[in-house]
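This briefing covers burial, contacts and surface character in one structure. The notes are grouped by topic.

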Amino acid sequence: MDALQIVVMILAGAGAGLINTVVGSGSLVTYPVMVMFGLPPVSANIANTVGLVPGSIAGSWGYRRELAALRPLLLRLGAVAVVGALIGAFLLTRLPSSVFSAVVPFLILFAALLVAFQPRIAAAMKPVDGTRWHPLLIVVLLASIYGGYFSAAQGIILLGVLGLYLKAGLQEQNGLKNLLQTLVNIVAAIFFIVSGHIDWAYAGCIAVGSVVGALAGAWVARRLPAKFFRIFIVVFGVAMAIYMDWRTFS
């Protein structure tokens with residue numbers, strides 16, 4: 001990496017940390033930037049997952065008060081998230097890279113659309129009469145597999161499904177989402193470290209930037225409308241999906 005790439009990646013990491021705090025899906029910034037710098041898609045996804053771990057931990061720590069009320073749920077759902085993360089990370093490193101390259105434009109587009117419809121998802125989430133354990137465990141497992149394979153928008157996916165099957169308020173759901181997302185990122189990162197598939201230069205730049213962005217995100221979230229960031233991410237995500245599709249099949 002040259003000096004310009006280092007600066008851009010730290011800024012992209014900061015943007016991702018900030019956006020994750022405000023609307024989610026900050027990976028839609030960091031991942032495409034790495035690919036445009038020439039990093040192979042699978043390597044870029046792995047570096048992105050590892051680099052965003054510090055920001056995820058910071059987000060979970062910020063919700064420690066809400067998580068205390070959900071302590072009975074944490075072990076069961078956490079165990080499911082760990083299993084899903086391992087499956088997703090295993091698939092990423094074992095399937096041919098051509099499969100990931102072919103699928104990722106659609107995953108990016110899917111993530112961008114989730115960001116676009118996040119307000120409707122949030123509005124539709126109402127506490128259920130009781131926790132529906134079987135569907136809850138299944139959807140958390142599937143969301144965690146997705147997160148271990150491709151990290152973008154896993155938080156929005158988790159937030160959407162938790163509201164359907166979990167008896168808890170929105171803030172508690174968001175805290176649980178942050179914790180599960182953190183577990184997925186940590187487990188996938190450990191898997192990638194053991195497998196020796198990490199480009200540490202890119203991951204380090206993202207880690208530095210994501211911590212700064214996560215700390216700034218709370219301040220920004222109180223002063224600027226989330227709609228501004230949501231529009232940016234949707235437009236950027238759709239553009240990157242088109243670019244990735246062109247890059248893969250041209």
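A residue counts as buried under 20% relative accessible area, as exposed over 50%, and as partly exposed in between. The model is predicted, and the points below deal with one covered helix, a residue that touches it, and two partly exposed positions.

**Helix 10 and Gln181**
- Helix 10 covers residues 154–165, and 1.5 Å a residue gives its 12 residues an expected span of 16 Å.
- The end C-alpha atoms of helix 10 lie 17 Å apart, which agrees with that expected span.
- Of the 12 residues in helix 10, 10 are buried, so the helix is mostly covered.
- The buried residues of helix 10 include Gln154, Gly155 and Leu158.
- Those three residues are touched by Gln181, leaving aside residues up to four places away in sequence.
- Gln181 belongs to helix 11 (residues 170–195).
- Gln181 has a relative accessible area of 17% and is therefore buried.

**Val211**
- Val211 sits in helix 12 (residues 200–221).
- Its relative accessibility is 34%, so Val211 counts as partly exposed.
- Leu18 is 193 residues from Val211 in sequence, yet their C-alpha atoms are 8.8 Å apart in space.

**Nonpolar surface patch**
- Val83, Ile87, Phe90, Leu91 and Leu95 make a nonpolar surface patch of about 380 Å².
- Ile87, one of these residues, is part of helix 6 (residues 71–94).
- Ile87 has a relative accessible area of 35% and is therefore partly exposed.
- In an α-helix there are 3.6 residues a turn, so residues three or four places apart point the same way.

Key: Residues are numbered from 1 along each chain as its sequence is written. This is a predicted model: local features need pLDDT of at least 70, side-chain atom pairs count only at pLDDT 80 or more; totals for chains, interfaces and linings use all residues. Side-chain values use heavy atoms; hydrogens and water are left out. Helices (H or I, at least four residues) and strands (E, at least two) are DSSP runs, numbered from the N terminus. Buried means under 20% relative accessible area, exposed over 50%, partly exposed in between (1.4 Å probe, protein chains only). Patches are made of residues with over 30% relative accessible area and no salt bridge: like charges are joined within 9 Å, nonpolar side chains (Val, Leu, Ile, Met, Phe, Trp, Tyr) within 5 Å. Accessible areas come from the Shrake-Rupley method with a 1.4 Å probe; for residues, only the protein chains shown count as cover. A salt bridge is a side-chain nitrogen of Lys or Arg within 4 Å of a carboxyl oxygen of Asp or Glu. The expected span of a helix is 1.5 Å times one less than its number of residues. Contact means heavy atoms within 4.5 Å.
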